[in-house]
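I opened my notebook to look up a few strands and a charged patch. Here are the entries, in the order I made them.

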Amino acid sequence: MTPLVRVDRVSRVFGHGAREVHAVREVSLVAAPGEVLAIRGRSGAGKTTLLNLIGGLDRPTAGSVHVAGHELTAADERRLRRLRRDTIGFVFQSFGLIPILSAAENVGVPMRLARRRARERDERVSMLLELVGLGAHARQRPYELSGGQQQRVAIARALANEPKLLIADEPTGQLDSETGRQIMDLIRAVVLARGTTAIVATHDAALLDLADRVLVLRDGRIADPVPAAG
Amino acid sequence: MRLVLRRAALARTLLAAAAITATVTTALLTAFLQFAQLLPAAGGRAAVAGAPVSERTLFVTMSAGDNAQDLEERDAAVRKLFTGGLGGVPVTVDGGAYAISQRLADGRSAVVAYLDRLADHADLVDGAWPVPVPRGQPVQAAVPEAVAAALGVRVGGRIAVTDDRTKKPAPLAVVGVYRPRDAGGGYWRLAAAPVAAGGLGPLAVDRAEFLARYQLLSTVNWVAIPAADQLAGRRLEAVSAQATRLRTTEAQKLGLDTSTKVSTGLDELAGRLRVAELVTRSGLLLPALLLTLIAGYTLWLVAGLLNDQRRGEHSLLRARGAARGQLARLATGEALLVIVPAGLLGAPLAAAALRAADRRLTTRGLALSTVDIPMLGAWQGWAIAVAAALCCAVALVLPAARRGRTWVAEQQERFRPTRWAVAQRAGVDLALVVLAVLAWSQLRQYGGPLTGPAGALGIDPLLVTAPAIGVLATTAVSLRLLPAATRGGVRVAERRRSFASLLGVWQADRRPHAGPVLLLVLAVAVAALAGCVAATWQLSQRDQAAHEAGADLRISRATASVPAPAVADLAALPGVAAVMRADRGTLQVSNEATATLLAVETTKAAQVMRIRPDLAEPGLFDRMPAPRRLSGTALPAQTRRLTGQLLFAVSGTGTAQAFSTDVAVYLDDGSGLLQRVSLGTPLANRALPFDVPVPAGSTLVGLASSGRLEFDPFNEAEGGFEGTVAWTISRLAAVDAQGARTEVTAPTTWELDTTADQFLHLGEAKVTGLDVRYTVSIDAFMTNAWTFRLADVASAREPVPALVTPAVLAGTSKKVGDRVELGSSGGTAPLEIKIVGVLDALPSAPGAGGVVVDLPTYAGYRFAHEQLAASAAEWWLATRAGEHDRAAAAVAGQSGLAVVDREALTRRLLDDPLGIGVLLALYAAALAATVLAGFGLAVDARSTALRRSGEMAVLHTLGASPNALARALVVEQALLAGLGVLSGLLVGIAVAVAMAPALVLTAAARAPVPPAVLVVPPTETGLPALALLLVALLLGAVVARRTRREVITGLLRMGTEQ
């Protein structure tokens, strides 16, 4: 099967000379469609940098990144933006919701950017909010929701344009363990239901069993891959 | 402190903007409040300097006594009164005396005088000051330069003077010629009275000579002149009080001679200035309040924005255990960075602004301060600047020092206010609206911000703050309506597919605070209101000048001896478009009220009389019936003279002797005005030829005379008188310039009117042409008289059609169409009018009561009822456009005429220094509001940029282009700015409509006549609004550009979102 994501010997160096920081060193990986790939490592291991490179939010110093057949490293900003809008969904650690918009409006933002028709958008927003269990909270603003609820809204937003790839960086980092588990269950359910590939960075070992495969990042390099439980 | 500095470094741009805003705000507020303090006092000083001499001095006059000792004692007694000054103000006292018994060869009075310290008040142009001379020699005198020229004398010459007491010559030897240094100064009051009465002088002689030769029957005067630079404010009140006491106390109680008279106008001056100062202060309070409102809100907004930036940090620190005191110290440290520049620079910057204002006002004759304004500012300025800076500091520190709430609770309150907060705000809004309506109704009731009886006027706090409350209330109401407008924008944007527009409108609709919008609304409203009040004031001055003048130029004779100008001569002057004659009188409307009677040529009134369109319906004068003219015999057009013979024929028995008064004919001069021409006073039974000049184009409309029978009181013979008395005019002819004669006969419509004393029996009178014959009998021993008139006055007796003011209608309880008889002043008979129309105010007339009648009709009425020939006392001129100055100069060149010039009046009112000062304050408030709002918007823009960076990064990550995000910011700013500016304009104009006219007062604290009319000047109201709109859009564009750059250069990377 053609991998959805292919990362070839990607490196990312910050700074110059004596202050150089090798955040990612010659990392190669693939992720298949419908796979939940967890990237694990301690703080400073390079997880976030790697996710940024995969998501087109950053450019590697060396190597290449392919997502859904598109080479991100060679793409211009416009193409990257389109990819981020249509192909890749992002879930941030701090949720990243727009505070003045309601849950429904937040979920609808990517679809508005994609210029979807209003009826279609409204139907999809309702469906997604129901999917994440927040159908009754559509009108509430982020600060009226709990952390878990906000993250659910973020997930719904990430799924708005039916992305092929879902990138989540420490999606449970600001949540308690039970809520975090629920979030991971949700991500897993979405992957299974839609065939979306999910790459999740986490340092929470308790959540690793929900991944199909776990990669360990240490000092910017892939350490021995650890097979996922189950 | 290190933490404070590191935090400050991270938010340096915002803090710098806040510091600059705080400094500018403090400086403007300081300058303005000091200006409001200095201007009334400056105006008082200017008014004192410009006041007539009689108003700013105290004058004591008494007889000079019989000898030198008398004079010395009187002089000492007067000077003793001013030993301690007057009311604490130093006073210079000068004395002088003049003789009233010296006469020049041509009969005019020679004002021989001695004047104390003359050399200090006049410059010797030629010769020397006089000294005593031996008896037998002419007294030496120094004469004024103008008098020397008038008499044709020089140094070494003599002036022939006769002493009226002795009838002997008392010549003066001219030894010097002098020129007064300050001809209008108070010193010259010492000899002003006799000079004003037509005497020549003062011819200054040595004091000892005066005492030796002129003291008897002369008058000695003293003039006390308070130091002008100290005559202001409370000192003037004290001076005025003491001067009034001196004036009203009996001379003997003051130790003065019983002939003493003390006169002063200081009390009037003080009263006038007191009122003018109140008017000025009330006028300054409005811009001061508005500016304080804007300045206060700007500081509050800046503090709020800074606190917003720190809100998250403070919540975090609280959550980490920071105490309130610790947070307060952090906030204080940061506040110091903002307020220290404001506190240090506010006063010096304010001083610079005051000096600029002083330079501007000095060109108009007003010095803002008696001393140079210090470079670093006066202590008052420092006090205000420090106070303003401290208020800003409190606003910055207070939120950090208050008890903290949870982050969620704070955010909920920001983004979704609780019902209580909403209700609380609604309560405040409602209270403001109620207060504004109350203030507005009170302002309408009292007609201005000053209330109280005359002499005890005061500034009413509610009335003077009414406009500011109105601005606050209407702003609060408009902000309530703004969300509806933005929601409407959301609905429109949602229908479109542009995410940028929708995001921008969302942001506008759901911003957590309305600070910048409120600032924009306030600033534009303040600028609009200030502009409207200023323009309304200026127009009111023009209207008042036009109303007071009544016409472009209004002429009257300076004295009764000046001949009346000919209409044709006036009409021929350059620049004159039309001439209308007028007469003026006073009518009694009720027991308490009078009205000005104005008789004008109504056929020309529409062209000449300046009456504001709203005060009279268009075509009001057309409602006046055509002028009523007396009928008579028209003389040939070229007639220059009337000739003929008078005979007063008496025949009968009795001891009385019959006499006639002068026989007069009445002529209509061709325009409906009557002229009485005396033909002569005939003696009994002696023909009297006459040859009298008459105006060309006249009509003979009447003949009148009177007769009397006089008895010798020492002849007690019985019988009285019985016989006939007749007046006959024969061979009456009109003669032209070439001597051609045309016989003139009496009209057949003439009727005889006779009035006679009660004991006189007049039998049937017989009229044949110009022959009037009475059969008379009387048996009393008193002089009896009768008057007759031949004329056709039947229609002239009818009530005179009149236009009246509402005050007359109210005073007489009449309405249009009614007739009413009004008592007349000056001993003339009542005037019966028929009311045909109403005009709201009568130009050129003081007071609310006014009656306008047609002059020819009025003249006919007066002739019919009183045999008076009413004539014109005023000539109203309309000037051609662009030629007013030419016309005014031409009129000024005519001697003997007093002129009221509308343009000159307008300039005087508009150039009033206090009025200009208040205008300056209004425009300064408008400018300051615009500048402060600009700074406030800049701070907000920077704060917005910082606040939105996170959101923008998220949206960019989700696929929004930098251009779209920039456009969203621009849309947001444009919508808020547009709504804010529009709301501000509506608020400012609404408050101006409701209140601006009531704020315009005359210097006497009265509502102006005509009432002020609102002006909304497009430039003054629109320019600040446009400027702020452009600033807001520009700032929005700058923020958008910066955000776009930040978004492009730094995507929201995983792990960096906060």
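I started with strand 6 of chain B, keeping in mind that this is a predicted model. I found that strand 6 of chain B pairs with strand 11 (residues 200-205) of chain B in the antiparallel sense, over 2 bridges. Looking along that pairing, I noted Ala142(B) opposite Ala204(B) of strand 11.

Next I checked strand 10 (residues 172-180) of chain B, which pairs with strand 6 of chain B in the parallel sense over 6 bridges. Here I wrote down Val143(B), whose bridge partner in strand 10 is Val177(B).

Is strand 6 of chain B largely enclosed or not enclosed by the rest of the structure? I looked up residues 139-144 of chain B: 6 of the 6 are buried, so strand 6 is largely enclosed by the rest of the structure. My cut-off for buried was under 20% relative accessible area.

Then I turned to chain A and its open sheet, where 4 strands follow the order 2-1-4-5 with antiparallel pairing. Strand 2 (21-31) and strand 5 (70-71) of chain A are the edge strands, each pairing on one side only. I counted 7 bridges between strand 1 (residues 5-14) and strand 2 of chain A, and I found Val7(A) opposite Leu29(A) of strand 2.

My last entry is on the surface. Which residues gather there in a patch of positive charge? I listed Arg115(A), Arg117(A), Arg497(B) and Arg967(B). I followed up on Arg117(A), which sits in the loop between helix 3 (103-113) and helix 4 (118-131) of chain A. Arg117(A) has a relative accessible area of 61%, so I put it down as exposed; the cut-off is over 50%.

Notes:
Residues numbered from 1 in each chain as written. Chains lettered and ligands numbered in written order. Predicted model: local features only at pLDDT ≥ 70, side-chain atom pairs only at ≥ 80, totals over all residues. Heavy atoms only, no water. Buried < 20%, exposed > 50% of the residue type's maximum accessible area, 1.4 Å probe, protein only. Pairing = 2+ DSSP bridges. Patch = residues over 30% accessible without salt bridge, like charges linked within 9 Å, V, L, I, M, F, W, Y side chains within 5 Å. Areas by Shrake-Rupley, 256 points an atom, 1.4 Å probe, with all protein chains shown as cover. Salt bridge = Lys/Arg side-chain N within 4 Å of Asp/Glu carboxyl O. Lys, Arg positive; Asp, Glu negative; His and termini not counted. Charge placed at Lys NZ, Arg CZ, Asp CG, Glu CD.
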